[in-house]
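Please examine the chain below with regard to its overall dimensions, one of its sheets and the surroundings of one loop residue.

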Amino acid sequence: MLSLQDSLLIFTDLDGTLLDVHTYDWQPAAAWLDTLLDHQIPVVLCSSKTAEEIIDIQQDLGLEGLPFIAENGAVVQADIRWDASYTAPRLILGVPHNEIRHVVEHLRQHQGYRFTTFDDVDEHTVSQWTGLNRSRSGLARKHEASVTLIWRDSDENMVHFEEALVRQGLKFVQGARFWHILDARCGKDWAVKWVIEQYRQLDGIALTTIGLGDGPNDAPLLDSVDYAVIVKGINRHGVHLLDDRPARVYHTQLPGPAGWREGLDHFFS
């Protein structure tokens, strides 16, 4: 079992994990968040959401100034301690949003694939899709290094679409509700390892890392930490890890923030 006295670093997905997938409520996890804050244990948000969304969520959760990973690892915000200003350097990894959008539009126009991206619609439509308020929906459209979409075509055409993206140096990642396109060189695994290394260099100590996630796009995150919590999710494909030993990985019975709490209870009980 782990101890709160250990040198810990926690990475967590948001939608369907720390946040309820429908209501975005995190209250079942609030007591644990307070405990981690009291013990000065960093909680690094790691999501497909945009950086602007995550900054907003950090303020809600009391995690301002900590690093975070946005757009499935294509964007990384550094810890405030690593820079003299509050707006610590944000790393945009790989191909920027506009270039990816150009590739996606070219494939749609020339191959006839059917999908709808966040760029195709306004804040009102994103709000209808997600249940977010208009302000947060506007932030959800501020992609810097990826494209988010709803796939509306056949499974067969999806295979061809993904193959075309690969030829362009991109990858197609499935989240809890949406699909995401980003540079093939990026990923939650690379971003997690980069953040871990920054903490190790700064503090000069060995860290024990914990990751929590619920969707297929969280597998790279969960494969990159010492202990993993797979929160019960809505995705029919589940989460498949390279190392799924019970001593390292816990599968929760509860979904969302209640499952998040259950996972930490398991490793710290």
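The report below moves from the whole chain to a sheet and then to a single residue.

The model is predicted: local features require pLDDT of at least 70 and side-chain atom pairs pLDDT 80 or more, while totals for chains, interfaces and linings use all residues. Residues are numbered from 1 along each chain as its sequence is written, and side-chain values use heavy atoms, with hydrogens and water left out.

**Whole chain**

The secondary structure comprises 9 helices and 12 strands, taken as DSSP runs numbered from the N terminus (helices H or I, at least four residues; strands E, at least two). The radius of gyration is 18 Å, close to the 18 Å that the globule rule gives for 269 residues, so the chain is as compact as a globular protein of that length. This radius is taken over C-alpha atoms, and the rule is 2.2 Å times the number of residues to the power 0.38. Further values for the chain are tabulated here.

| Property | Value |
|---|---|
| Span of the C-alpha trace along its principal axes | about 55 × 45 × 35 Å |
| Residues counted as buried | 54% of 269 residues |
| Exposed area of the chain | about 12,100 Å² |
| Share of that area from carbon and sulfur atoms | 48% |

Buried denotes under 20% relative accessible area, exposed over 50%, and partly exposed in between (1.4 Å probe, protein chains only). Accessible areas come from the Shrake-Rupley method with a 1.4 Å probe.

**A four-stranded sheet**

An open sheet of 4 strands follows the order E6-E7-E9-E8 with antiparallel pairing; pairing requires at least two DSSP bridges between two strands. Strand E6 (115-117) and strand E8 (170-174) form the edges, each pairing on one side only. On average, neighbouring strands are turned by 30° against each other, direction ignored. Helix H3 (residues 97-111) packs on the sheet and touches E6, strand E7 (146-151), E8 and E9, with its direction at about 35° to that of E7. Axes are lines fitted to C-alpha atoms, for helices over the stretch in contact (heavy atoms within 4.5 Å), and angles run from 0 to 180 degrees between N-to-C directions. E8 and strand E9 (residues 179-183) run antiparallel and are joined by 5 bridges; lysine 171 stands opposite leucine 182 in E9.

**Glutamate 144**

Glutamate 144 lies in the loop between helix H5 (134-140) and E7. This residue is partly exposed, with a relative accessible area of 24%. Beyond its neighbours within four places in sequence, glutamate 144 has contacts that include Ala51, Glu71, Val75 and His97. The side chains of glutamate 144 and arginine 90 are joined by a polar contact of 3.1 Å. A polar contact is a pair of N or O atoms within 3.5 Å; within protein, one must be able to donate a hydrogen and the other to accept it, and residues adjacent in sequence count only if both atoms are side-chain atoms.
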